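Reader: I should like to look closely at a single part of this model and to see how it is placed among its neighbours. Please treat the packing in one connected account.

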Amino acid sequence: MNDAPTNDDPILRIEALSKDFGPVRAVDAVSLDIRRNEFFALLGPSGCGKSTLLRMLAGFEMPSGGRILLEGEDISGLKPERRPVNLMFQSYALFPHMSVLRNIAYGLEMERLPRAEIRARVDEIMAVTDLTGFADRKPEQLSGGQKQRVALARALVKRPKVLLLDEPLGALDKKLRERMQLELKRLQHDVGITFIVVTHDQEEALVMADRMAILRDGKLLQCGSPETVYENPTDRFVANFIGVMNFIEGRIGGDGHFSAKSVRLPVPHLAAGPTALAIRPEDVGIEHGGDAGIPGRITDIAYNGLDRVLHVAIDASATPIQVRVPARVEAGHAIGEPIRIAIAPDRCKFFPA
Ligand code: ATP
């Protein structure tokens with residue numbers, strides 16, 4: 001058997017990793033494989049354990065259980081500086097009295113590399129991060145996005161095998177954040193380094209990540225590509241956390257139907273019992289004329305340019321059902337208007353209560 005690593009081997013393998021802080025289990029037996037050159041996002045609400053997981057990968061926290069393997073080697077017990085892994089902090093932690101160039105070169109100077117090599121590597125990374133021309137500025141003379149790029153350059157110049165980023169865009173305003181999401185993705189592609197990014201922002205994870213893991217209460221709920229997780233959430237929490245989802249509480253009866261007041265759909269292969277139906281706003285249709293569909297009334301209309309979201313109150317749901325329709329096609333609706341909506345069984349997900 002040949003044990004040489006291939007491109008398909010995970011660069012990082014996380015095996016049943018746990019962390020307890022006294023009685024709090026911050027990370028609970030998480031197992032994950034991160035692929036080489038992947039842009040991986042750790043996503044979850046505040047307190048779900050994503051930063052603790054990242055800090056264990058960096059070596060700033062010691063696991064209470066489990067292992068971390070980098071290219072097959074157990075690095076769980078190594079000190080941070082002995083790991084070929086670099087963590088970029090949310091605060092950037094730039095040295096205020098040093099120029100951009102010195103900030104970036106600092107880590108290499110500490111390694112006592114030859115001057116010419118330091119200069120060449122710094123120049124190269126400044127070009128990749130679009131900082132050429134800013135070499136002599138001090139951090140206070142930079143915009144938020146530029147500071148963010150200096151912090152990235154400083155981490156990348158050390159050529160880590162894996163770069164860990166804790167809420168890398170957290171300090172930026174919305175517009176810049178959106179631009180930097182694409183820039184970060186381009187940069188990751190250009191440098192060919194595996195990125196693991198922690199974020200609580202599901203839109204950000206969807207835009208940037210090749211794959212993402214969703215955590216809650218320290219547990220891994222689902223891992224997959226943004227498209228897989230959005231289209232096929234395997235867990236009710238994930239279904240609700242990623243994108244917008246309508247839920248209708250009902251039950252599956254022995255007759256193979258889901259029912260909740262005026263909603264009744266065939267679900268032949270599912271077990272009977274209390275069940276929540278989940279459907280995305282873009283998968284709810286409008287019935288024009290006739291008495292097909294589920295009767296309701298429009299309670300709100302949100303116009304977004306490309307589309308329009310109608311909020312439709314129906315008897316089966318305490319909260320109005322959101323219906324996303326093309327704005328130009330479905331013009332002329334009004335609040336208070338009676339309307340009939342259609343729910344296609346093959347677009348629904350069902351979660352046992
Ligand atoms: P946020 O998005 O708010 O940063 P997070 O998902 O990164 O949250 P963590 O910071 O990993 O969450 O925290 C996970 C849990 O562990 C939380 O309940 C937190 O209170 C607890 N925790 C984290 N660090 C410590 C610590 N040093 N001592 C005790 N409890 C801690």
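At what angle do helix 2 and helix 3 pack, and how far apart are their axes?

Author: The model is a predicted one, in which local features need pLDDT of at least 70 and side-chain atom pairs count only at pLDDT 80 or more, while totals for chains, interfaces and linings use all residues. Residues are numbered from 1 along each chain as its sequence is written, and side-chain values use heavy atoms, without hydrogens or water.

Helix 2 and helix 3 pack at an angle of about 130°, and their axes are 10 Å apart. Helix 2 is therefore oblique to helix 3 (under 35 degrees is roughly parallel, over 145 roughly antiparallel, 65 to 115 roughly perpendicular, and the rest oblique). Axes are lines fitted to C-alpha atoms over the stretch in contact, with angles from 0 to 180 degrees between N-to-C directions. Helix 2 contributes Val100, Leu101, Ile104, Ala105, Leu108 and Glu109 to this contact (heavy atoms within 4.5 Å), and helix 3 contributes Ile118, Arg119, Arg121, Val122, Ile125 and Met126.

Helix 2 also meets helix 4. Helix 2 spans residues 100-110 and helix 4 residues 144-156; their axes come within 7 Å and cross at roughly 30°. That angle makes helix 2 roughly parallel to helix 4. On the side of helix 2 the contact is made by Val100, Asn103 and Ile104, and on the side of helix 4 by Val150, Ala153 and Arg154. Val100 and Ile104 thus take part in the contact with helix 4 and also in the contact with helix 3.

Burial in helix 2 completes the local picture. Val100, Leu101, Asn103, Ile104, Ala105, Gly107 and Leu108 of helix 2 are buried (under 20% relative accessible area; over 50% is exposed, and values in between are partly exposed; 1.4 Å probe, protein chains only). These buried residues pack against helix 3, residues 115-128, and against helix 4. An α-helix has 3.6 residues a turn, so residues three or four places apart point the same way. Just after helix 2, Arg112 takes a positive phi of about 55°.

The wider setting is as follows. The secondary structure of the protein comes to eight helices and 20 strands, taken as DSSP runs numbered from the N terminus (H or I, at least four residues; E, at least two). The domain assignment, automatic or from a database, gives domain 1 as 10-238 and domain 2 as 244-352. Helix 2, at residues 100-110, falls within the bounds of domain 1. The C-alpha centres of the two domains lie 39 Å apart, and their contact takes seven residues from domain 1 and nine residues from domain 2.

At the end of domain 2, Pro352 belongs to strand 20, residues 349-352. Unlike the buried residues named for helix 2, Pro352 counts as exposed, because its relative accessibility is 71%. Beyond its neighbours within four places in sequence, Pro352 is in contact with Pro274 and Thr275. Leu277 is 75 residues away from Pro352 in sequence, yet the two C-alpha atoms are 8.8 Å apart in space.

For the protein as a whole, the C-alpha trace spans about 80 × 50 × 45 Å along its principal axes, and 47% of the 353 residues are buried. Of the contacts with a separation of 6 or more, 63% join residues 24 or more positions apart.
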